[in-house]
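Here is a short note for a colleague new to reading structures. Please keep the model open while going through the points.

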Amino acid sequence: MSKNNTQTKTLIALSLAAAALVSAKVEAGEDATAQGSLDKAVIRNVIRQHLDEVKKCYETQLEKNKSLAGRVVVHFVIGADGKVTESRIEETSLHSPAGEQCIVDAVHGWEFPKPRGGKVVVSYPFVLAASEPAGANKQ
């Protein structure tokens, strides 16, 4: 069996990821006040730089469950110094606690430019799905 046939290619669907990037929400939580600001485009750019970390979390779990797919919304706080001070799952349809925790842990290690005026609260969706190996469905 060739490497292409045995290796499952994954996709944090570029078109879906692009849509997710556009829909990233930067807002204060219900019981929080907006203490700072950071441009959405800046947040999207940092997230794009770290998509391989999310992909690795997903691929590790995909090896155990070939049909694994879903959407994971991560809630995180960017502190005044630009470092993520907290991260957690806000919503998920992935049904993979280990994969979800891996994503949360990865996000917690990210660093953003320092926001103006204080912390920034973000909810960000990641859409995770396996892509078909090259040549699949060709008859």
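1. Start with the charged pair: the side chains of E91 and R71 form a salt bridge, with a nitrogen-to-oxygen distance of 3.2 Å. The two partners belong to distant parts of the chain, 20 residues apart. E91 sits in strand β4 (residues 84-92), and R71 sits in strand β3 (residues 70-78). Bear in mind that this is a predicted model.

2. Are the two partners buried or exposed? E91 has a relative accessibility of 43%, so E91 counts as partly exposed. R71 is also partly exposed, at 36% relative accessible area. There is one salt bridge in the structure, and E91 with R71 is that pair.

3. Next, the cysteines. A disulfide is a covalent bond between the sulfur atoms of two cysteines. The count here is one disulfide. C57 and C102 make this bond, and their sulfur atoms lie 2.1 Å apart. This pair, too, links distant parts of the chain: C57 is in helix α4 (residues 51-62) and C102 is in helix α5 (residues 97-108), with their positions 45 residues apart in the numbering.

4. Which hand does the disulfide have? The torsion about the S-S bond of C57 and C102 is about -70°, and therefore the disulfide is left-handed.

5. Finally, look at the surroundings of each cysteine. C57 has a relative accessible area of 4%, which means that C57 is buried. C102 has a relative accessible area of 32%, so C102 is partly exposed.

Notes:
Residues are numbered from 1 along each chain as its sequence is written. This is a predicted model: local features need pLDDT of at least 70, side-chain atom pairs count only at pLDDT 80 or more; totals for chains, interfaces and linings use all residues. Side-chain values use heavy atoms; hydrogens and water are left out. A disulfide is a pair of cysteine sulfur atoms within 2.5 Å. Helices (H or I, at least four residues) and strands (E, at least two) are DSSP runs, numbered from the N terminus. Buried means under 20% relative accessible area, exposed over 50%, partly exposed in between (1.4 Å probe, protein chains only). A salt bridge is a side-chain nitrogen of Lys or Arg within 4 Å of a carboxyl oxygen of Asp or Glu.
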